Amino acid sequence: MAMKLGLIGCGKMATALVKGAIQAGVVNPSEVVATSRSQASRDAFAAETGAKTSDLAGVLATSEVILLCPKPQDIPAALEQIRSVPQSGEGALIISIAAGVTAKTMEDGLPDQFRVIRSVPNTPSLVGCGAAAYCLGADATEDDAALAQRLLGAVGVALRVPEKLINAVTGVSGSGPAYVYLLIEALADGGVKAGLSRADAIQLSAQTFLGAATMVLETGEHPAVLKDKVASPAGTTIAALASLEKNGARSAMIQAVEAVVQRANELGGK
Ligand SMILES: NC(=O)C1=CN([C@@H]2O[C@H](COP(=O)(O)OP(=O)(O)OC[C@H]3O[C@@H](n4cnc5c(N)ncnc54)[C@H](OP(=O)(O)O)[C@@H]3O)[C@@H](O)[C@H]2O)C=CC1
Ligand SMILES: O=C(O)[C@@H]1CCC=N1
């Protein structure tokens with residue numbers, strides 16, 4: 001069953017989610033209606049997805065589920081605009097994707113008839129490989145949770161977590177693709193330094209990340225066990241691992257997640 005999906009804000013993350021959901025068959029473009037601050041963004045979204053666009057009132061009037069997708073700093077204005085539209089009927093489920101912004105902030109800023117789910121998707125949703133989590137606001141129902149699970153789960157893995165862990169999710173999987181792109185590029189740089197062409201190095205590097213990630217997910221083995229299977233005694237890999245440890249690779253990643261949690265807390269007003 002397709003869902004009547006609305007979007008408030010249709011930038012990069014919204015486009016990735018909706019295109020992924022359309023490809024997965026959980027959303028039909030003819031039942032998606034989006035609004036954004038600028039006409040240019042609305043036009044770009046319609047061209048990318050085949051969805052309709054409208055003003056905010058049109059989105060609110062026709063949608064069962066609304067993805068709220070402005071930047072965290074733009075959420076207060078978006079909530080104010082929603083409040084200024086005369087409401088009738090039972091209201092929709094609002095699924096926010098804004099980093100750091102709490103469910104309570106959204107509930108306090110929305111008319112009473114809206115229910116809220118707070119989520120953290122990521123851009124690989126575009127290719128059906130998303131990693132997302134969500135939590136329920138005070139008035140969201142189990143049916144609402146099932147809807148969020150169906151939408152986010154159609155484009156990858158979707159976990160339900162308590163809200164206190166949502167910023168940690170942002171640190172691992174919401175922002176995570178950016179760290180992985182940096183690592184893919186860096187590994188390819190190493191290959192180029194050792195003589196590979198840029199194109200070959202990027203392909204080998206990206207495929208290595210894909211293969212290693214697939215091994216973790218499909219074998220269920222702990223990453224440390226899989227790592228040990230690559231590292232021969234007195235071999236090449238252990239020399240590289242020693243170099244990575246010496247240069248703080250592991251602690252750099254842990255600190256990256258901590259930095260996200262701190263920034264998300266700031267964006268959430270903590
Ligand atoms: N990018 C990512 O990987 C992820 C992003 N997020 C979250 O997703 C949200 C969007 O991020 P991203 O897609 O990267 O950002 P973008 O800037 O690409 O998209 C934000 C969109 O919101 C629109 N917008 C701003 N204010 C309003 C408003 N009042 N009413 C309607 N539309 C509005 C903007 O409109 P216009 O272009 O017309 O000015 C723009 O289209 C953020 O809150 C971010 O924290 C979460 C997980 C991952
Ligand atoms: O960088 C950001 O703030 C957003 C949230 C998670 C990924 N991108």
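Reader: Which residues does the "domain: Pyrroline-5-carboxylate reductase dimerisation" annotation cover?
Author: Residues 163-267, according to UniProt, where the entry is unreviewed. Keep in mind that the structure here is a predicted model.

Reader: OK. How much helix and how much strand is in that span?
Author: Residues 163-267 are 83% helix and 0% strand. The C-alpha atoms at the two ends of the span sit 15 Å apart.

Reader: And the protein chain overall, how many helices and strands?
Author: Twelve helices and eight strands. Its C-alpha trace runs about 70 × 40 × 30 Å along the principal axes.

Reader: What share of the residues is buried?
Author: 35% of the 270 residues in the protein chain count as buried. As for contacts with a separation of 6 or more, 67% of them are between residues 24 or more positions apart.

Reader: Let's look at H7. Is that helix mostly covered or mostly open?
Author: Mostly covered. H7 takes in residues 166-174, and seven of its nine residues are buried.

Reader: Which ones are they?
Author: Ile166, Asn167, Val169, Thr170, Gly171, Ser173 and Gly174.

Reader: And what covers those buried residues of H7?
Author: The cover includes two strands, S6 (115-120) and S7 (130-136), plus helices H8 (176-193) and H12 (249-267).

Reader: Switching to ligands. Which residues surround ligand 2?
Author: Ala99, Thr170, Gly174 and Ser175. Thr170 and Gly174 you've just met as buried residues of H7. By class, this shell has one nonpolar residue, three polar ones and no charged ones.

Reader: How about ligand 1, which residues come nearest?
Author: There are 28 residues around ligand 1, and Gly9, Gly11, Ser38, Ser41 and Ala99 come nearest. Helix H1 (12-24) and helix H4 (75-84) are the elements that each give two or more residues to that shell.

Reader: So Ala99 turns up again. What's the class breakdown around ligand 1?
Author: Yes, Ala99 is in the shell of ligand 2 too. Around ligand 1 you get 14 nonpolar, ten polar and four charged residues.

Reader: One last thing, alanine 234. What's the phi there?
Author: Near 60°, so to speak on the positive side, in a residue other than glycine. Most residues other than glycine have a negative phi.

Reader: Where is alanine 234 in the chain?
Author: In the loop that links helix H10 (223-230) and helix H11 (236-246).

Reader: Why does alanine 234 count as exposed?
Author: Because alanine 234 has just 7 C-beta neighbours inside 10 Å, and a residue with 12 or fewer is called exposed.

Note on methods:
Residues are numbered from 1 along each chain as its sequence is written. Chains are lettered from A and ligands numbered from 1 in the order in which they are written. This is a predicted model: local features need pLDDT of at least 70, side-chain atom pairs count only at pLDDT 80 or more; totals for chains, interfaces and linings use all residues. A residue is near a molecule or strand if its C-beta atom, placed from the backbone, lies within 6 Å of it. Ala, Val, Leu, Ile, Met, Phe, Trp, Tyr, Cys and Pro count as nonpolar, Asp, Glu, Lys and Arg as charged, and the others, Gly among them, as polar. UniProt positions are given in the numbering used here, feature names are shortened, and annotations may be inferred rather than shown by experiment. Helices (H or I, at least four residues) and strands (E, at least two) are DSSP runs, numbered from the N terminus. A residue is buried if 20 or more other C-beta atoms lie within 10 Å of its own, exposed if 12 or fewer, and partly exposed in between; C-beta atoms are placed from the backbone. Two residues are in contact if their C-beta atoms, placed from the backbone, lie within 7 Å.
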